[in-house]
Amino acid sequence: MNSLPSIDLALLTRDENSLQDSVCNAIESQVGVRLNIHRIVGEPQVGDANRLATIVRSRNEAVRRSRSDYLMFLDDDVVLAKDCIARLHHGLNARTNFGAFAADYLGESSPHRDSRHVAMGATLFRSSVLRRDSFRWEPAKCECLCRCEDLRRSGARIDYLRGAKAWHLSKSQNRRVCNTADLSLGDTPPHSADPETVTNAKILVAFNRRDVRRFQDVFLRTLRATGNTQEVIVVGYGLYPSEIQQLKNLPNVRFIRRPFNGQLPPVRRLEDFRQIVSQLPADTSVAYWDAGDMLFQGRLDSLWQQTQQHPDKILAVREPLGFPHNKAIRGWTRTIEAPSMQRRAFELFASNPFLNSGFGAGTARSMSRYFDEAVRLRATALRGTTDWGDQTALNLYCHSDPTRWVEASEHWNFCVHDRRRGEVRVTPDGHVVNRSGQLIPVVHGNARSLTQLAIVR
């Protein structure tokens with residue numbers, strides 16, 4: 001029996017609010033295809049000239065995230081017939097001169113001629129045609145029309161596909177909502193993780209005496225309380241013998257002792273983690289988090305599954321703020337000794353998502369490559385930087401070659417600091433949720449923000 005075709009579905013939304021029930025149900029009911037769902041939130045940013053600029057950025061982000069041969073764009077107010085995507089896929093397979101087919105949810109198509117403008121709210125593309133050039137907009141031309149013109153200029157066709165049905169919701173229909181977590185949003189396809197992968201995965205942490213208690217009372221306690229039983233490999237710097245013994249007595253915790261040398265753990269862990277992953281089987285799923293400010297509220301099974309889907313890439317999560325609002329970008333890059341590297345690092349960090357180095361995941365193979373290169377970068381290209389950790393190394397490694405990494409859902413490393421008011425809150429029962437009230441699987445209390453939220457002391 002032939003396997004179902006794998007299709008990336010980019011669900012474009014204006015904010016992180018939950019979706020309408022009808023939209024959720026329609027996505028879950030699709031037949032004949034296997035969907036990898038990516039939610040792309042198109043919130044305006046400083047520098048966006050208008051709403052079109054925001055949409056263009058969202059669509060290009062979706063292209064960058066996609067890994068399948070086909071990418072479906074879906075607006076969050078469009079309901080698909082249950083065979084819509086399968087019909088679009090069949091149409092593209094049958095007519096190789098087409099780069100994209102769309103469902104006519106706005107009633108724009110004509111039976112007598114190709115449509116000059118094809119709305120992108122329910123459109124399936126061949127990924128290869130999207131990677132030739134980026135989405136764009138012009139004065140008096142939306143991104144849909146510009147894409148149609150660019151596609152046709154390259155020799156491919158685009159039009160609505162007769163028989164592919166979809167409907168546009170009116171404002172009065174936006175009544176009930178569903179929980180988007182039920183759709184496995186992000187890079188996770190809707191099927192369960194392999195049990196062996198989950199069992200054999202490894203979690204790496206490194207800390208000095210300051211974070212011994214936080215690791216035991218918050219990191220490890222909440223990790224285990226949420227059903228994550230994977231081995232935790234601890235690298236401890238300058239710990240007292242009594243502290244070492246406590247950690248060694250913890251179930252399924254492996255302890256590695258290192259002396260204190262004055263260097264901070266986020267730098268030292270690069271070399272130590274490199275040694276650890278080099279001894280693991282290459283396909284082992286691995287993740288590391290900062291030890292002193294992490295709170296786990298959900299299982300990590302889907303994360304381990306994602307590392308297996310991208311065995312040669314590392315998974316990273318962007319910070320809430322990028323350039324120009326994130327002051328670290330300019331501050332850290334301007335202290336690099338080599339002027340040419342100052343300019344290159346700044347250009348890369350300012351024009352790409354600024355990644356938080358409190359988390360990283362991948363297979364032992366992909367993580368080993370990262371740690372090898374990060375150690376080298378810290379000693380050469382990044383010499384002189386005032387970055388007290390490995391954040392510049394992570395960003396330079398990823399953005400120097402985009403094929404090295406894939407962006408993971410922020411819920412695997414949800415940075416609480418630098419969020420706008422209302423984006424994160426604590427429920428009366430002590431859970432940390434986002435604006436939509438969804439439980440966040442992994443909360444990163446960077447800048448001691450967990451203490452500010454009165455979650456930990």
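Two worked exercises follow, one on a strand and one on cysteines.

The model is predicted: local features need pLDDT of at least 70, side-chain atom pairs count only at pLDDT 80 or more, and totals for chains, interfaces and linings use all residues. Residues are numbered from 1 along each chain as its sequence is written, and side-chain values use heavy atoms, with hydrogens and water left out.

**Exercise 1.** Work out how strand E14 (residues 285-289) is placed.

Solution.
- Fix the terms. Strands (E, at least two residues) are DSSP runs, numbered from the N terminus. Buried means under 20% relative accessible area, exposed over 50%, partly exposed in between (1.4 Å probe, protein chains only).
- Check burial. In E14, 5 of the 5 residues are buried, so the rest of the structure largely encloses this strand.
- Sort the side chains. Ser285, Ala287 and Trp289 point one way; Val286 and Tyr288 point the other way.
- Find the partners. Two strands pair if DSSP finds at least two bridges between them.
- E14 pairs with strand E11 (residues 202-208) in the parallel sense, over 3 bridges. Here leucine 204 stands opposite tyrosine 288.
- E14 and strand E17 (residues 359-363) run antiparallel, joined by 5 bridges. Here tryptophan 289 stands opposite phenylalanine 359.

**Exercise 2.** Explain why cysteine 84 has no bond to cysteine 144.

Solution.
- Set the criterion. A disulfide is a pair of cysteine sulfur atoms within 2.5 Å.
- Search the whole structure. The result is 0 disulfides.
- Take cysteine 84. Its closest cysteine sulfur, in cysteine 144, is 16 Å away, too far for a bond. Cysteine 84 is buried, at 0% relative accessible area.
- Compare cysteine 142. The nearest cysteine sulfur, that of cysteine 144, is 4.4 Å away, and cysteine 142 is in no disulfide. Cysteine 142 is partly exposed, at 23%.

Conventions:
Helices (H or I, at least four residues) and strands (E, at least two) are DSSP runs, numbered from the N terminus.
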